[in-house]
Structure formats: C-alpha cells, structure tokens
Amino acid sequence: MSMNRIAIRTNKGDYLGGEKVYGTVYLWICGTDPCRGVKLKFRGYEKCEWEYREVHQDEATQLPVEQIGTKNCRKDMFRAELRLIEYPDGIPMGCYAYPFHYTLQQGLPASFEANGNQANGDKWKAEITYKVIAEVDRPGSDEDLKASQVITVNENLPLSPVEPETVTERRTVKMCCCIPKGDVLLNSWLEKKVYTSGESAVLHVDVKNNSNVDIDAFIIKLIRVVNLRPQDKELSSSVSSHESRPSMQSVRIPVIIDTMLQKSLDGCQGKQLRNLELPLDLWEESTRAEFQPSTNGLIIKSKYHVDVEMDIKWAQPISVQLPVTLRAPPNQSWSDWEPPPWVYNCRVIKITGPCAVPEHLLGSKMFANIPGIQADPF
C-alpha cells in the first residue's frame, strides 16, 4: 500500500454558476511509486431513478400480471480534465501545494439530493452533484491516489424583484345557494420570496370575514414538486422480470408531489384575523435535516409553494398558492473538513497553464480559507 498522500481544498463550499473556484491540491510523496504528474477534474451531473409499473398478460394463465421496473437517467453538465503539472522523471519526495483556479459554467442548476415515494408507493431518487477531483498520474499502478471534494452550487436569482407579493381570494357565502350572506376575503403573503433551507419562513395571513358564518380552521402546507423529465434517448430501463421489457414508448415521467409540512390552525369564528404571522420551519422536524433547495435542471426540476386552504360553510373553499424559492444551506462537509497536519509543511509550487493562479492572489482573501498558502508565497 502506498504511503503517499493527497488532499484538496477549495476556497469555499458554495458557489454560483459563472464563479471562479480557487483551491489547492496538496501532495505528500514519501514513497518510490512512479508518480508522473497531477491532474485536476471537474464534474457536474444530474442523475435520477424511479420505479414504474406495467401490466402484462401471463402467457400460461392468460391473467394480468403487474411488473415493477426501474428507469434511470444520467446527464453530464460538464466534465473537465486539466493537467496541473508534469514531472517526466517522477515527482521527487517531499510535500507540495499546487494552487489552482477554475471558472464554473453559467446557468448551472442548484445542487440537489433527495429520494422518496410516489403517490402509489413506487420509489424514486434524484441528485445534482458537483465535484472537484485531484488525481496523481501513476502509470503502471492499479492503485488510485486521488482526493475529491463536493461543492454546493446555487442558482443565480432572477433579476426580477424578490419582494413579497400578496395573493388575494374572495368568496361569497350564499344561503340556499342564492341568498348572499356576506363575503370572506383572504390576503396571504410570505415575508420573502427566497429563503435559505434551514431558516424559518414567515407566512402572513389576513382574513376579513364579513359573513354570518364562522371559519373554524384553515390549513397551511409547504409543497415540493419534483419533476423527472429525461429524454427517451437518454433513458435506460430494467424490469424485475427477465421475461418482458417495456418499450421506450411506454415511458411515464413521474411528477412527485411531497407535503413537506402541514399545520392546521383554529379559525376566526365570525371575527377577523388581521395580519397573523405564522412561522414555517424549513427543515425536517424529526431529523432536523434541511429541505433540499429548488432547482431547475435539464432532467430534474424541484420547486416549492406554500398553500393556504380554508373551508367556508355555504361557499366554495378558498385555496391560495404562494411560490417560494429555497436556496441550499451552507456546505457542511466543507465546513467540517479538518486539514491533515502535513499540509502545513507543503512547499507552494507555481503551475502554468489555464489553471494557474496569479501570484498576487495568493495573499488575498481568495486563499484565506486555504491552509498553508498565504504563509508561503513562492
């Protein structure tokens, strides 16, 4: 087993499409393995899988038989491989740090990872993942020497205003379906249109009840809609039975609707509810895990809305829908990273090529969170 070591660290854990990623590859060569260079890889991909059901006729019994199969799809948004540095005669023993930079593509969808069940119980899972990988070129060796780091990408917010918008609905109470007995007016708005997952959103509900009926209760829901939409040519499928395989024309694209949270609150009982503020915690109550962010990928789309539902006696119920965008929480794996002690002994090596970092940036805030760099300029 090789005694050589490798590590990688970026300047932060969260990025937007179009941003520059600054980082360092650390390498400790303490063995005689043939190491010829260091490669840097960037990966961004979407991947999803879901179960589906089809009914076929059994040839022996002529009875309908239900089969459960799976479909899956993967799409690479980008795959970049760059050679940081080469050593034709092999990397000498020692500790080295190779600063680098890379510019992410514009318009990337947000990072995402979730799984669950469709309405009929069929399972699904989906992820949008971004990675930075450092790898040592070791010709003739079957053992990998590489390190990777997952980075979180958030989507750029639209240039349109993100101030809250009020949604209004009105219903008229009618006795015997025709005799008007007053109106019920509901105004509802979120304090913001964009929240970071793990925050508490604030929903405002304002009810003006000018009817002669009591409003016993109303329900608040946070709904997530996940849509998996691969193209046929990108789709692969497998079924649990080897006797029959579905045709590509039978592809059913699932839309998964999850109720992330629901609250039932006492109503106004004939009076007014003026500007009631209701907190909505954007995390799983049982696990404290933050909800996954909104994303708009090519094959994976996830969006949220808050619903306010109110039943009214002798009138049509009121239901309003407030779109809300969730951004990813801070990258916890990046924050929790503990640098191995040997990285502080590395000698900074200046590289050339498209990943090279100008020398004046090594002492800047771009490398403030990267150990062993600012204290050791070239």
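These are legends for a set of close-up views of one predicted model.

A quick note on how the values were made: residues are numbered from 1 along each chain as its sequence is written, and side-chain values use heavy atoms, with hydrogens and water left out. Since this is a predicted model, local features need pLDDT of at least 70 and side-chain atom pairs count only at pLDDT 80 or more, while totals for chains, interfaces and linings use all residues.

**Figure 1. The whole chain, with one helix and 21 strands.** Helices (H or I, at least four residues) and strands (E, at least two) are DSSP runs, numbered from the N terminus. Of the 378 residues in the chain, 45% are buried; buried means under 20% relative accessible area, exposed over 50%, and partly exposed in between (1.4 Å probe, protein chains only). The accessible surface comes to about 19800 Å², and carbon and sulfur atoms hold 48% of that. Those areas come from the Shrake-Rupley method with a 1.4 Å probe, and for residues only the protein chains shown count as cover. Take the contacts (heavy atoms within 4.5 Å) with a separation of 6 or more: residues 24 or more positions apart account for 74% of them.

**Figure 2. F42 and F100, an edge-to-face aromatic pair.** A search of the whole structure turns up six aromatic pairs. Rings of Phe, Tyr and Trp (its six-membered ring) pair if their centres lie within 6.5 Å; planes under 30 degrees apart count as stacked, over 60 as edge-to-face and the rest as tilted. For F42 and F100 the numbers are 6.3 Å centre to centre and 70° between the planes. F42 sits in strand β4 (residues 37–57) and F100 in strand β6 (residues 94–103), so this pair ties together parts that are 58 residues apart in sequence. F42 counts as buried at 1% relative accessibility, and F100 does too at 0%. Add Y102 and you have one aromatic cluster of F42, F100 and Y102.

**Figure 3. F78 and Y130, a stacked pair.** Here the ring centres are 6.1 Å apart with the planes at 25°, so the pair is stacked. F78 belongs to strand β5 (residues 64–86) and Y130 to strand β8 (residues 123–137), so parts that are 52 residues apart in sequence are tied together by the pair. Both F78 and Y130 are buried.

**Figure 4. Two arginines over aromatic rings, R9 on W334 and R74 on Y45.** A charge sits over a ring if NZ of Lys or CZ of Arg is within 6 Å of the ring centre and within 35 degrees of the ring normal. The charged end of R9 is 3.9 Å from the centre of the W334 ring. R74 lies over the face of Y45, at 3.9 Å from the ring centre.

**Figure 5. The largest nonpolar core, with 47 residues.** A nonpolar core is a set of buried Ala, Val, Leu, Ile, Met, Phe, Trp, Tyr and Cys residues joined through side-chain atoms within 4.5 Å. V25, L27, L40, L84, Y98, F100 and L104 touch the most other members. Strand β8 gives the most to this core, with seven residues. Leaving out residues up to four places away in sequence, V25 touches a list of partners including I6, V38, L40, L84, Y98, F100 and A134. Apart from this core lies another of 32 residues, among them L186, L273, L278 and Y304. In soluble globular proteins, nonpolar side chains tend to be buried together.

**Figure 6. C73 and C48, two cysteines without a bond between them.** The structure holds zero disulfides, a disulfide being a pair of cysteine sulfur atoms within 2.5 Å. For C73, the nearest cysteine sulfur is that of C48, 5.2 Å away. C73 is buried, with a relative accessible area of 3%.

**Figure 7. Loop residues Q62, W314 and N210.** Most residues other than glycine have a negative phi. Q62, in the loop between β4 and β5, has a positive phi of about 65° and counts as partly exposed at 44% relative accessibility. W314, in the loop between β19 (300–310) and β20 (318–327), also has a positive phi of about 65° and is partly exposed, at 42%. N210 is found in the loop between β13 (200–209) and β14 (217–228), partly exposed at 47% relative accessibility. The C-alpha atoms of N210 and V184 are separated by 5.8 Å, with the two positions 26 residues apart along the chain counted as their separation.
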